[in-house]
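This report describes selected features of one protein chain. The sequence and the coordinates are shown first, and the discussion follows.

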Amino acid sequence: MAVGASHMTVPREPDDSSGQPGRGRGGRWRLPSPVTAGALLLAALPLALLAAAAWLGRHVRPSADEWCFLPVVRDQGIGGMIGKFYVTDNGRVGNGLLVGLYAQFPVAGHQWYAAVSTLVVVAVLWALVVLVLRRARQSAPRGLALLVAAMVTAVFLLATPNTYKTLYWPAGSVSHTVAPVLACAAALPALAAGGRRSRVAALAVVAAAGVFTGTLSEETSVVVLVVLVVLGGLLLLGRRLVTDRAWPFLRTWALTGAAGVAVGTAVLMTSPGSLRRRERFGAGTTSILAPDSLLASARGFARIAATVLTTWEYGGVLAAGVLLGLLVRPARTGEGPAVLRPCRPLPLACAGVLAVLVSGYLCTVVTYPVFGPRVATAARTWNDYLLLYVLVLAGLGALLGRALRRRGTRPGPVAAAAATAVLYAASAVGLAVPLHHLGQDMRVRAGQWDRQDASLRAAAARGAEVAPYTPTPVAGMLEPFRAGGRIAWPARCVAEYYRLERITRSTRLP
């Protein structure tokens, strides 16, 4: 993302289109420049898409694991959910905290989850782009950072094979979608730090975030550790990438984050819940490191990579990065001490690609004993490293745009900007069609769920102990009595949620 960092102070050229709107002579407001207006217009496309996705969240209803979470939080509170995870389920106490926060508001928590999580992702990525540009001493037209963040968010949340499990299923999202975003947010205080106190605060934040990440998701912990190791190696082998003044703090920050992740992972792995989970799936250390498992994981990751690389909507992220590289300019003034030296594209590009490949394969190794060959289709588990992938993709685009700007004549960058703007817009439009179809399925399921919910509550109010239940699946989510009634899970949890003794399979909705 360092798309041309420099210590030079360059006066703004008369035709430089990166100027900011503001008051002109006589105190009158000036219209935004054409570049600023274009950036805001393009950013509006993925933002509108994300707003529509958040609005569709009103059709979300509990399913799968959430049937079992809701009674626990209702009867024992958030503490009971954390204890259940630590002692019985999987050891993910951080995960239990986030689950408890939305499960406190049973149906409403599910309906608002997509909107809140989308807002968090956009805010974190927007702040990340702004701070990286500031540390690189680059000036961008107003709206350009939002353009990049909005497209990265839209592709990350909506370009997966199963958007429902990525965005709308809270139980899966907190483990694999929100987890890497929260880990990414831990870098913001370090990027914003200027003085001694802010650096100490940044170290405290990354330590706490590391511990929390370690208890939130094993796969995200793997990604964070890989990124920190690659970053450390990059800095050791290429000290000219950062200033001498910034190097000691970055080294301490990376080591502190890695130590925090290690502590959190140790808490998770030694928990009774994690031990039970590994026994249940036969996912011990020996099985993970077995040659057959490693080879099968490699095949699974190759299939995942093929799916991602052939999903053309990811081109929108590359286009956003190219626009960023084409339009940024060296800033006339910098805020705080410089961190990045002039850009070195090759080491940065190689480090990013290496981090994605290593973390993606290791995450597949970790999840293979649980999912087996289905690891190549369990798309929600990819998100732990897909966030890193889309960030690296945006960075590669920025480096490409920088090269085009530096080496091309005037018509060349203009033509490149026009072409990438078309790809950017096409990607947003391409994501809208499957989202519309998913929204229709969610709306139908919400109506069915609400009718059945009213019927089951009425039966419980009459004092009934047994009531019929008809599965209402959506987007491959698990429901009681699937596989023709042979698999009952989570029927017991549904009965507990409605305070019934048990539910029976029905094929007709109320």
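## Backbone exceptions near the C-terminal loops

Arg-499 has a relative accessibility of 59% and therefore counts as exposed, since the cut-off for that class is over 50%. The model is a predicted one, and Arg-499 is placed in the loop between α20 and β4. Its phi is near 60°, a positive value in a residue that is not glycine.

A positive phi also occurs at Ala-475, where the angle is near 55° and the residue is again other than glycine. Ala-475 belongs to the loop between β3 and α20. With a relative accessible area of 28%, Ala-475 is partly exposed, because this value falls between the limits of 20% and 50%. The loop between β3 (466-469) and α20 also holds Pro-490, and the peptide bond leading from Trp-489 to Pro-490 is cis, with omega near 0°. As background to these entries, most residues other than glycine have a negative phi, and most peptide bonds are trans.

## Overall architecture

The chain contains 20 helices and four strands. Of its 510 residues, 52% count as buried. Among contacts with a sequence separation of 6 or more, 81% are between residues 24 or more positions apart.

The exposed area of the chain is about 22700 Å², and carbon and sulfur atoms supply 65% of that area.

## Aromatic pairs

How many aromatic pairs does a search of the whole structure find? The search returns 10. In one of them, Trp-67 and Tyr-498 have ring centres 6.1 Å apart and planes at 50°; the pair is therefore tilted, as the angle is neither under 30 degrees nor over 60. Trp-67 is in helix α2, whereas Tyr-498 is in the loop between α20 (491-497) and β4 (502-505), so the pair ties together parts that are 431 residues apart in sequence. Trp-67 is buried, with a relative accessible area of 0%, and Tyr-498 counts as buried at 5% relative accessibility.

The pair of Phe-301 and Tyr-385 has ring centres 6.0 Å apart and planes at 70°, and this angle, being over 60 degrees, makes the pair edge-to-face. Phe-301 is in helix α15 (residues 291-309) and Tyr-385 is in helix α18 (residues 383-407), so that this pair links distant parts of the chain, 84 residues apart. Both Phe-301 and Tyr-385 are buried.

## Surroundings of Tyr-498

Tyr-498 also takes part in a cluster, in which ring pairs link Trp-67, Trp-449, Tyr-469, Tyr-497 and Tyr-498. Leaving aside neighbours within four places in sequence, Tyr-498 is in contact with Trp-67, Trp-449, Asp-453, Leu-456, Arg-457 and Ala-460.

A backbone distance may be added: the C-alpha atoms of Tyr-498 and Ala-467 are separated by 9.8 Å, and the two residues are 31 residues apart along the chain.

## Thr-177 and His-176

Where is Thr-177 found? Thr-177 sits in the loop between α7 (170-176) and α8 (178-185). Its relative accessible area of 3% is under the 20% limit, so Thr-177 is buried. The side chain of Thr-177 reaches the backbone oxygen of Thr-166 at 2.8 Å, and it makes a polar contact with the side chain of Asn-383 at 3.3 Å. Residues up to four places away in sequence aside, Thr-177 touches Phe-156, Leu-157, Thr-166, Gly-172 and Asn-383.

His-176 lies in helix α7 and is buried, with a relative accessible area of 6%. With residues up to four places away again not counted, His-176 touches Ser-217, Glu-219, Arg-380, Thr-381, Asn-383 and Asp-384. Asn-383 is thus among the residues touched by Thr-177 and among those touched by His-176.

## Nonpolar surface patch

Tyr-86, Val-87, Val-211, Val-263 and Val-267 make a nonpolar surface patch of about 340 Å². At least two of the patch residues come from α2 (66-89), and at least two come from α12 (247-269).

Val-267 is located in helix α12. Its relative accessible area is 33%, so Val-267 is partly exposed; this value also exceeds the 30% that membership of a patch requires.

Definitions and conventions: Residues are numbered from 1 along each chain as its sequence is written. This is a predicted model: local features need pLDDT of at least 70, side-chain atom pairs count only at pLDDT 80 or more; totals for chains, interfaces and linings use all residues. Side-chain values use heavy atoms; hydrogens and water are left out. Buried means under 20% relative accessible area, exposed over 50%, partly exposed in between (1.4 Å probe, protein chains only). Contact means heavy atoms within 4.5 Å. Accessible areas come from the Shrake-Rupley method with a 1.4 Å probe; for residues, only the protein chains shown count as cover. Patches are made of residues with over 30% relative accessible area and no salt bridge: like charges are joined within 9 Å, nonpolar side chains (Val, Leu, Ile, Met, Phe, Trp, Tyr) within 5 Å. A salt bridge is a side-chain nitrogen of Lys or Arg within 4 Å of a carboxyl oxygen of Asp or Glu. Rings of Phe, Tyr and Trp (its six-membered ring) pair if their centres lie within 6.5 Å; planes under 30 degrees apart count as stacked, over 60 as edge-to-face and the rest as tilted. A polar contact is a pair of N or O atoms within 3.5 Å; within protein, one must be able to donate a hydrogen and the other to accept it, and residues adjacent in sequence count only if both atoms are side-chain atoms.
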